[in-house]
Amino acid sequence: MTTEPSTPIADRETLTAWAREQGVRVRVSSEDWDSITYEALSTGPDGTPLVERYRCVLPASLALRRLRLTYVVGLCHDAGGAVCNHVRRVVPPVLSASESAARHDVALVAAALVESERRAVCGATVDNLTVYTVQRAQDWQPF
């Protein structure tokens, strides 16, 4: 269940203070080449879920650098006789020494993301996912 934030959060410090007050952690809820969204989830006194988010828009120079580093990873697996496809944009967690190492690293990250996000829905796991494409985001063209 997705809950909309109760009030707009102005900055990361405000989000961190709210999370500390609630006794919860701040985590990265989504990340793209041009922004990072932080989120804290808690439960209200009446049991309703509470969520606060802060979207940090990155400076243009950093966003362009991240775009150059971002990969689009396509993965698929069998789901009850049908092919289930997943696509994720991944910024490598570290700069790899070679292009092949970077492609391997982002494929692993993408598979882990798909498993954590979709395993309960379609049965995707790191073990049953097959990588069918790894391309730089700036070079990616839809089929």
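## Residue T125

T125 is buried in this predicted model, with a relative accessible area of 13%. Because the limit for a buried residue is under 20% relative accessible area, T125 falls within that class. The residue is located in the loop that links α3 (99-122) to β6 (130-136). Leaving aside residues up to four places away in sequence, T125 touches E115 and R119.

## Overall architecture

The chain contains three helices and six strands. Their succession along the sequence is α-β-β-β-α-β-β-α-β. Taken along the principal axes, the C-alpha atoms fill a box of roughly 45 × 45 × 25 Å.

The chain has 143 residues, of which 32% count as buried. When contacts between residues at least 6 apart in sequence are considered, 50% of them join residues at least 24 apart.

## The sheet of β1, β2 and β3

One open sheet consists of three strands in the order β1-β2-β3, paired in the antiparallel sense. The edge positions belong to β1 (26-31) and β3 (49-57); each has a single partner strand, so one side of each lacks a neighbour in the sheet. From one strand to the next, the twist averages 30°.

Strand β2, which covers residues 35-43, runs antiparallel to β3 and is joined to it by nine bridges. Within this pairing, T43 has P49 of β3 as its bridge partner. Helix α1, formed by residues 12-22, packs on the sheet and touches β1, β2 and β3. The direction of α1 makes an angle of about 20° with that of β2.

## The sheet of β5, β4 and β6

A further open sheet of three strands has the order β5-β4-β6, again with antiparallel pairing. Here β5 (82-90) and β6 stand at the edges; because each has a single partner strand, one side of each is left without a neighbour in the sheet. Neighbouring strands of this sheet are turned against each other by 15° on average, direction ignored.

Strand β4, comprising residues 71-79, pairs with β6 in the antiparallel sense over six bridges. In this pairing, C76 stands opposite T130 of β6. Helix α3 packs on the sheet, where it touches β4, β5 and β6. Between the direction of α3 and that of β4 the angle is about 45°.

## The β4-β5 hairpin

Strands β4 and β5 run antiparallel and are joined by nine bridges. One of the pairs across them is V72 with R89, the latter lying in β5. The two strands form a hairpin with two residues between them. In the turn, G80 has a positive phi of about 65°.

## Surface and charge

The chain exposes about 9000 Å², and carbon and sulfur atoms supply 54% of this area. The chain carries 15 positive and 17 negative charges, and the mean positions of the two groups are 4 Å apart.

How values were computed:
Residues are numbered from 1 along each chain as its sequence is written. This is a predicted model: local features need pLDDT of at least 70, side-chain atom pairs count only at pLDDT 80 or more; totals for chains, interfaces and linings use all residues. Side-chain values use heavy atoms; hydrogens and water are left out. Helices (H or I, at least four residues) and strands (E, at least two) are DSSP runs, numbered from the N terminus. Buried means under 20% relative accessible area, exposed over 50%, partly exposed in between (1.4 Å probe, protein chains only). Contact means heavy atoms within 4.5 Å. Accessible areas come from the Shrake-Rupley method with a 1.4 Å probe; for residues, only the protein chains shown count as cover. Lys and Arg count as positive and Asp and Glu as negative; His and the chain ends are not counted. The place of a charge is taken as NZ of Lys, CZ of Arg, CG of Asp or CD of Glu. Two strands pair if DSSP finds at least two bridges between them. Axes are lines fitted to C-alpha atoms, for helices over the stretch in contact, and angles run from 0 to 180 degrees between N-to-C directions.
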